[in-house]
Amino acid sequence: MEVIKNRKVLQDFIERQKEMGKRIGFAPTMGALHKGHLSLYEEAKKENDLVISSIFVNPTQFNNSEDLQKYPRDINRDILILENSGLVDAVYIPEVTDIYPEKTESKSYDFDGLENEMEGKSRPGHFDGVGTVVEELFKQIQPDSAYFGEKDFQQLAIINKMVEKKHIPVKIVGVPIYRAENGLALSSRNQRLQEERKEASKIIYETLEKVNDWFRTVTIPEIKERVNDIFDGQQGMKLEYFLIADEKTLQETNFFYKDRNFRAFIVVVVDGVRLIDNMHLD
């Protein structure tokens, strides 16, 4: 596996691969890798000649400097995980100046309102940061396909919208959420939790499963009340928000319509660690 640490080396590497006509699959990460990330590369391996990862903790998508500082980092461990997986041909680990050669600031994007829903309400500018780094990585790596986990469903929708509006020639592939045996969605932030708290946090997934059962027969306001009641009784957990939204617009709904697809979204803070999850409602 090639470990590439600056833009010039990457450019030479990509040019060689393109000259050989290789199809490139790419999945960007912020490191702290786990099996959920590897599931992206498994999908990429099926459809491409070459699989590239990137590791870059993007400063412009953090609204809270303390959260940026606390974000888990262990490059040597991440490289070892990628090497041992046998799924990745190259990993790009840029410096901040490789992504932001002038100022470390985001571009401004119009994602047709997707950026104003859910996470966008409490994290202004977050999705501008996401769009900026992903667009720049696409420009440098020139992938044919790029892979993103559905755990960050709003991010996936935002990237799809950016590619559509800017006519970027890359196929975006959403990969199902990778879960631990107890149902907890794997996340880099989980590494900050004690094992017993990870086990307790399975209630997030269990709640989504209940919502999926309820939504056929129970009104959405009643579902929201039941979810609130569940987390009122959980020590060390705070329900930040729960809502049901249209999968296309991400706008919250209080009614179900037969001709639309809906998804439940939840954010729970466990011992100061913010966990997000979602589930398509069948």
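**View A. Helix 8 lies across strands 5 and 6.** In this predicted model, helix 8 spans residues 153-166. Strand 5 covers 145-149. The helix runs at about 170° to strand 6.

**View B. Six strands form an open sheet.** The strand order is 1-4-3-2-5-6, and the pairing is parallel. Strand 1 (2-4) and strand 6 (171-175) stand at the edges. Each has a single partner strand, so one side of each is left without a neighbour in the sheet. From one strand to the next, the twist averages 25°.

**View C. Strand 1 pairs with strand 4.** Strand 4 holds residues 90-92. The two strands run in the parallel sense and share three bridges. Valine 3 has valine 91 of strand 4 as its bridge partner.

**View D. Helix 4 packs on the sheet.** This helix takes in residues 75-85. Helix 4 touches strand 1, strand 3 (50-55) and strand 4. Its direction makes about 165° with that of strand 3.

**View E. Helix 4 has a buried face.** Asp78, Ile79 and Leu82 are the buried residues of this helix. Seen down the helix axis, they fall within an arc of 100°, so they line one face. An α-helix has 3.6 residues a turn, so residues three or four places apart point the same way. The cover over the buried residues of helix 4 includes strand 1, helix 2 (35-47), strand 3 and strand 4. Asn76 and Asn84 are exposed on the other side of helix 4.

**View F. Glycine 86 follows helix 4.** The phi of glycine 86 is positive, near 70°.

Definitions and conventions:
Residues numbered from 1 in each chain as written. Predicted model: local features only at pLDDT ≥ 70, side-chain atom pairs only at ≥ 80, totals over all residues. Heavy atoms only, no water. Pairing = 2+ DSSP bridges. Helix = DSSP H or I, 4+ residues; strand = E, 2+ residues; numbered from the N terminus. Axes fitted to C-alpha atoms, helices over the stretch in contact; angles between N-to-C directions. Contact = heavy atoms within 4.5 Å. Buried < 20%, exposed > 50% of the residue type's maximum accessible area, 1.4 Å probe, protein only. Arc of directions from axis to C-beta.
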